[in-house]
Each structure stands twice: as C-alpha cells, then as structure tokens.
Amino acid sequence: MFAYLVRRLFLMLVTLFGISIVIFFLLRVVPGNIVDILFAAAGYVDPADKANLEKELGIDQPLMVQYWHWISGFLRGDFGYSYVSEKPALQEILPRIPITARLAGLALLFSASIGIPLGVISAVKQGTRLDYVLRVISLSGLSLPSFWLGLLILTASVAMFGQMPIFNPNPQTWLEAFATYAVPAAVVGFRSSALTMRITRSSMLEVLRQDYIRTARAKGASDASVNYNHALKNAILPVITVIGIEAAFLIGGLIVTETVFNIPGVARFLVEAIRWRDYPIVQNLVMFIAVVVVFANFTVDMLYAVFDPRIRFTD
Amino acid sequence: MRSVQALAILAALSLLADPTTTFAGEPKQGGILRMYHRDSPGNASIHEGATYSINVPFMGVFNNLVIYDQHVAQNSPDALRPELAESWTWVNDNKTLTFKLRQGIKWHDGKPFTSADVKCTFDMLMGKSQQKFRQNPRKAWYNEVNDISTNGDLEVSFNLKRPQPSLLALLASGYTPVYPCHVSPGDMRTNPIGTGPFKFVEFKANESIKLVRNPDYWKKGRPYLDGIEYTIITNRSTAILAFVAGKFDMTFPTHITIPLLKDLKSQAPNATCVVEPTNVSTNIIVNSSAAPFDNIDIRRAMAMALDRKSFIQIMFEGQGDVGGTMLPPPQGLWGMPKDMLESIPGYGPDVNKNREEAKKLMQKAGYGPDKHLAVKVSTRNLAEYRDPAVILIDQLKSIYIDGELDVVETANWFPKVARKDYMLGLNLTGNAVDDPDQSFYENYSCGSERNYTNYCNKEIEKLFDAQSQETDAGKRKKLVWDIDKKLQEDVARPIIFHARAGTCWQPYVKGITIMSNSSYNGFRYEDVWLDK
C-alpha cells in the first residue's frame, strides 16, 4: 500500500509538472499579451511605452527564463503580481476560492443527492411510467445549457416575485448564505445530476441481474435491503468515477453560472484573466485547479477501496 | 400674538439647526447610490485609460480646473464652470491661459492642493516629468502647450505655442482630472487620491468599486450621497434584470441599447429613461496603402453604397444620427447642417441613385456583375462592432463587392490595424469632447497614433490649425464644416452613423443629467441625491 501511495504521488508530481509546461506555453501561443490589450483599449500604441511596459512586466524575456521565474516562484509560494490589478496574485485568487468551492460542493451534493436516488428508482422501476419520466428529466438535464437555464430562472423569478437570486456578498444569516448559492448550485448540478442518474441506473440494472442478487432475494431479503445494501453498494463504483470526473468538469459549468448569477468566484475570474492575458493569475489559478483535480482523482481511487473491500492497493 | 411669533422663530431656528431636515423637492442628504458597472476597468487611473468604464466610477474622486456644468446636457463653451480654478483669463494674445486656484482645498489624504499639483499633472501628461504614466493616450491634446508655470500656490498658467481657445474644452473633460504630486502614477492606478466629492474605498476586480462621501469636500453641503457602489456585472441580461428587480438605483450610463430599452420599460414602467447620442461614431477604416483600396474610385464607390438610414433603422429602430466626423446638430455643436451634409457624395437621400453612381465607379475600376471584388471586413469581436459589419457586408453586395467577415479578438485588433493587415475595418470612434481639435488632430492628423488609416493631407492639416486658432466661434464653425466635408469626400474614414443609447434610473434618484454630446464628462455625481 505504501509503495503504491509513493508511486501515485510521484505520478501526480510528474502530471503537475507536465500541466505547468502546457499552461505556460499554451498561454504564450495565444496571440496578444497584456500590453497589446492595454494599448488596444487605449486605441494607440507608442513603441517606447510598449517596450517599457513589457520590460516592467518581464514579458520581454526569453520564454524559458519567464517559465523558470514562474515555476521557481510557485514552488517557493511566490505567485507574483496580477498584471491588471497590480496586487499579489494570491491576494486576488484566495478570497475567490471559498466562493467557488462552496458553489462546487453544493452542486456536487445536489448532483449526488438527486442523481443517485433517482437512478436507483429508475433502475428498480425499469419500464414503468416513472422510469420514463425520470429518463426524460435526465435527458433534459443533459440537453439544457446551464447559461440558458440560469437566465430562465432569473427572468422567471423577476417576473413572478419581483426579486432575483443574485449573489449577496454579505449574507446576514446562514439561510441567506445558503439561498445565495442554492439556485446557481442547482443550475450547475442539474446537468451533473442527470449524468449521475443515468450512470447509476445502468450500473444498477447490470448489478440487479447478477446471481448474488437473486440469491439474496431467495434468502428472503427485503427489496430495500437488496436494492441499497447489495445492489447499490456494488453499483456505486462507476458512479463515484463519474462524480470524480464531473468535479473536474464542473469548472466549465461554473464559468457560465458565475457569469449569469454574477458570482465573484474563481471560474469567472479565470475567464477575465485569460481575456486580459493576465499570465500570473491564469497560470497560478490553472495550476491550483490542476492540483485540485489531481487530488480529487487520487481521492476517488482511494474511495474504491473503501466501497469495495475486494480492492486492495498492493504492489 | 408674541408667543405665536416666538414659536415661529423657534421653529425656523430648529429647522436651520438640523441639516437633515428637507423641504419638499429639496435635495436630501444620505444614502448609497447603487449602480451596476458593465465591465471591470483595467485600473483606477483616468489619465491612463481610454474608456468611460474608468471615467464613470472614478470621475467622482477627482476635480478638474474647469468642468462642464453637470446639469446641462450639452457640453459647450457656455457650460464651462470653474472647479479647482476660481477663474481664468486669456492673456498674451491668447497664448497664455492663467487660472486662479481655490484656497483651502485638500487631497483626500489631508495634504493641501496647490498649483504644483496642476503643474505635475500636466507635465506628466506632456511627458516632461521624471514620473511617467504607464500609458498616456491623450498626450496629443497638449501638443500646443509649451510649458506650465506657477506663480505662488494659487496661480498656474498654460503657456501655448499658439492660441488654442479649445484648450479649455479639453481641460473640462472627465478625462482631465488634476492628480496629486505626492502620489505615484502606480498608486493612482490602484488607490487613487483626489480632491473630489467621493473618496476611493476599494476596487475589487470583476466584483465591485466602492466610493464614500468626502466629508471635507471644498464645496460645502456636497455631495448629497453617502457613497456610491458599483457592482460589476458583465452579463447585460443579468444586469438589466437586477435593475428591474430593484437591486440597483441606476443602470450603467448609456449602456442600454434601443431594443433593450423597450423591454426594460415594459418591465419597469416607473423607471426614468433617457436616450442620448453617445458621440461615438461607427465608421469604416480603409487600408488605402494596398490594392484594391489604393484606388480612390473604389473607396468612393464603397462610401457611396452606404445606406446609413438602414443601419440606424436596423440597429437603433431609427434612433441614431447621420453625420460627418463631428456629431450632427442639434446635440452636436460642430456638425454640418443637413443641406451641406446631403451635398456630399453618398449622403444624398436617394440611395439607389448613389449606388448607381457607385456601380459606375466600380465598373471603371474593372469590376461588375461578372467580376466581383472579394474583400475581408475585419472587426472586433464585440456586438457593437460585429452587427454593423454584417450590415455593411450586405450593403456592399449591391456594388459588386463580396465581403467576408473577419472577427478579431480585442487583443489582436489594434496590432492588426497597426500592421495594416486588413482591407476594410469596421471601427468605433469615441469623442471625449465635442470639439474639432480633439477629433481632427486625434483621428486625421498626419502621424497621429490614432490615425489608423494614416490619412495625411497637408492642406487639410493647415485648415486644422486655422480652425484651432480661430477665436470667433461662427467663423470657426464654418471652417470646421468645410474640413469635415473634405474629410468625407476624401473617404478618409467614412462615417456610417452616430449611435444613441439609453440610461435608466429609479424614480427616487434625482440630480442625474446624461450628457447629450459626450459619454465621458458627466459623472461627478456630487449633486445626485436619493428621494427616499
């Protein structure tokens, strides 16, 4: 087990190193930099001013030197300064992380708490009207773009209640805080829950046809016991995998949802930073997301052993 | 009787003693004005920016030497008011402009404001000081200023190379605040210090900008508001819905398009909305240094094919203006009169006739029904650029030009234009001040950095100088019309239309005036108050 852990950790480091190179060079491949954007916004360019600014920001240096400055700083915990706000990158990124983390956590919770039970019900009630209704709901969840759903909810809430669930930066109560995140989390989680439900359903259907399920029923186990203690426990592994992958894909949905609901999280911030070619923010933020995703995958792998005692990580 | 009189006097005194007491219709102190902001400005330094995304939130932090009256919609010489300056005089054959400054004004950090601050600001704008702005987009405004001299703490003079009456107009722009000497340009980008009615509190990128009342403001009793909070909402639909839901007291100025304004009014019928010209023209930049547009006939044909009223009808439901370089009257001070405008080729009311003439020019250049000219129409990837570009492509078909839309990201737009890597470009030009000096020198002068097409006509250049020095407003106007006509005839940068846009606020917001000939100068907000 220990050797396996060491090997996994080593692989994680190699992955993160590869990601750092990809992020760094891809950003530079995209035409234009912060200086181009600043001068484009001002509608003029003075070559001397431009050169001074590029020198001041260090983007006139060879790419390898720039990469070394960034990665060595990153390892030392020096994340540099945002080109746009001129504040430390960490100071810009850190306050936004809890906002997105809460939103992502709630969205995943929504996804799992809706998707898994409905998937089980759909499988157990296979071929019934309820199964068809649930499958239609899941199909709509996969089909509806989250920005459209978000705008629809905002428009409907203004039309019906004269209010809209826009982000409240200073909620006074726990309930207010929950309300701030609940609707956008549901919008993001809806698509994810649809996928979770479909995977749960198909996985459950496969397990429910196994011999040991028939044996359990023959021994007189109740439906609930068969479905949840025997079938779901064995069907859950692919679902966990999907939830793990969805956690990584969530950032895409969050970008749109944070924009529509005006939530000042890292996802929207990342898009703005890319638009401005704010390299210190984009590089560090993407690295942070990469670290989270790599560790999420690692955690998912570890969870396999928890849910399936037959799996043991040995050499 | 005496007791009644005594009671009346007592009541009057008590009213005077309580500054919060207000009479019906009189301004009330207090409250936070909540407005959404359309995007996150790059920084807080007005001098380093070239977008009203910076002016709107930060103009209230500063003062100018002079300012356009914030309650008069049309910026004009008659609307110029002293601000940090008490008065001004032109001396030395109109080559020296001297300002007497107000006494006792303090910066937000408590340091005194003096003539040295004025000198510092304009020396830096002219590139003559040790400290430099990271960007200085309006350096050319001060080309005719030789130097700035001070006489004690309360007098400052602008010494000019030649008379330039419109210097006052430039100094009154929201783009021309006075900065403190003792704060570096870098700090002004992140933590601006001014003398204005509102103090800067914080600017969270992509999130919010907060200003708070300056209790030591030199204009007693102002501002009325306790503060202003801007929430940055980049999604226009969300922002407008939030205004409708009452989350905001005001929309971002001139942010509502005409079609959206109808929706907004139907959802918030009590809102007060105004539509005004923005003094932003939509125009065509032509690469005349390469084929095929090095041929003046093709350039003229293209300009003559424009059906400007169709653009305005499609994009603004008829609420836009046809004009030349200068914003047309009545809102514009310097625009050509209608009959003069219609005498320019392509501006006549009979579009079909114009296009027939354009076709002849195209045929002369070797194109026709069997041989179309293929061009790329480049433009920025923003709706206000893309939409007219698509209409332009459609209209050019009528004269054998097949256009293809080339959408360019903002980061690459200006480098592409500077490299002359385009054939036709659909461009927007905003004018900070409705004054020919700003517009002509910036966009059409030989060697100007914002003269994207490198149009250069030495004869017109002389006329630019002649109008700039003319002190008789009537004579100057005629010169300006002649120049504008010539620019259109030369197809220097064909103007398609001048846009209009809407601004809305809740009925309890008072004291707002939206400027009718500039989008950059009306955001001091010291007289804005909330009637609730």
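Is B:Tyr52 buried or exposed? The close-ups below work through that residue and three other spots in this predicted model.

**View 1. B:Tyr52 and its surroundings.** B:Tyr52 counts as buried, because 28 C-beta neighbours fall inside 10 Å, and 20 or more is what a residue needs to be called buried. Look for B:Tyr52 in helix H2 of chain B, which covers residues 52-58. Once neighbours within four places in sequence are set aside, B:Tyr52 is in contact with B:Ser519 and B:Tyr520. B:Asn191 is another residue to pick out if you want a distance: B:Tyr52 and B:Asn191 are 139 residues apart along the chain, and their C-alpha atoms are separated by 18 Å.

**View 2. The five-stranded sheet of chain B.** Here's an open sheet with mixed pairing, and its five strands run in the order S13-S12-S14-S11-S15. At the edges sit strand S13 (401-408) and strand S15 (495-505) of chain B, each pairing on one side only. On average, neighbouring strands of this sheet are turned by 30 degrees against each other, direction ignored. Zoom in on strand S12 of chain B (residues 373-380) and you'll find it paired with S13(B) in the parallel sense, over eight bridges. For a landmark, take B:Thr379, which stands opposite B:Val407 in S13(B).

**View 3. Two helices packing in chain A.** Helix H6 of chain A (residues 97-124) packs against H11(A) at an angle of about 145 degrees, and the two axes are 9 Å apart. Their crossing is right-handed. On the H6(A) side, the residues making the contact include A:Leu103, A:Ala107, A:Ser111 and A:Ile116, while those from H11(A) include A:Asn227, A:Val239, A:Glu246 and A:Leu250. Sorted by class, the contact of H6(A) with H11(A) has 14 nonpolar, three polar and one charged residues.

**View 4. Where chain A meets chain B.** This contact takes 35 residues from chain A and 33 residues from chain B. On the side of chain A that touches chain B, the elements giving two or more residues are helices H2 (34-42), H3 (47-57), H8 (146-161), H11 (223-260) and H12 (266-275) of chain A. H2(A) gives the most to that side, with seven residues. As for chemistry, the chain A residues on this side split into 19 nonpolar, eight polar and eight charged. If H11(A) rings a bell, that's the helix packed against H6(A) in View 3.

Note on methods:
Residues are numbered from 1 along each chain as its sequence is written. Chains are lettered from A and ligands numbered from 1 in the order in which they are written. This is a predicted model: local features need pLDDT of at least 70, side-chain atom pairs count only at pLDDT 80 or more; totals for chains, interfaces and linings use all residues. Helices (H or I, at least four residues) and strands (E, at least two) are DSSP runs, numbered from the N terminus. A residue is buried if 20 or more other C-beta atoms lie within 10 Å of its own, exposed if 12 or fewer, and partly exposed in between; C-beta atoms are placed from the backbone. Two residues are in contact if their C-beta atoms, placed from the backbone, lie within 7 Å. Ala, Val, Leu, Ile, Met, Phe, Trp, Tyr, Cys and Pro count as nonpolar, Asp, Glu, Lys and Arg as charged, and the others, Gly among them, as polar. Two strands pair if DSSP finds at least two bridges between them. Axes are lines fitted to C-alpha atoms, for helices over the stretch in contact, and angles run from 0 to 180 degrees between N-to-C directions. A crossing is left-handed if the near helix is turned anticlockwise from the far one by less than a right angle, and right-handed if clockwise.
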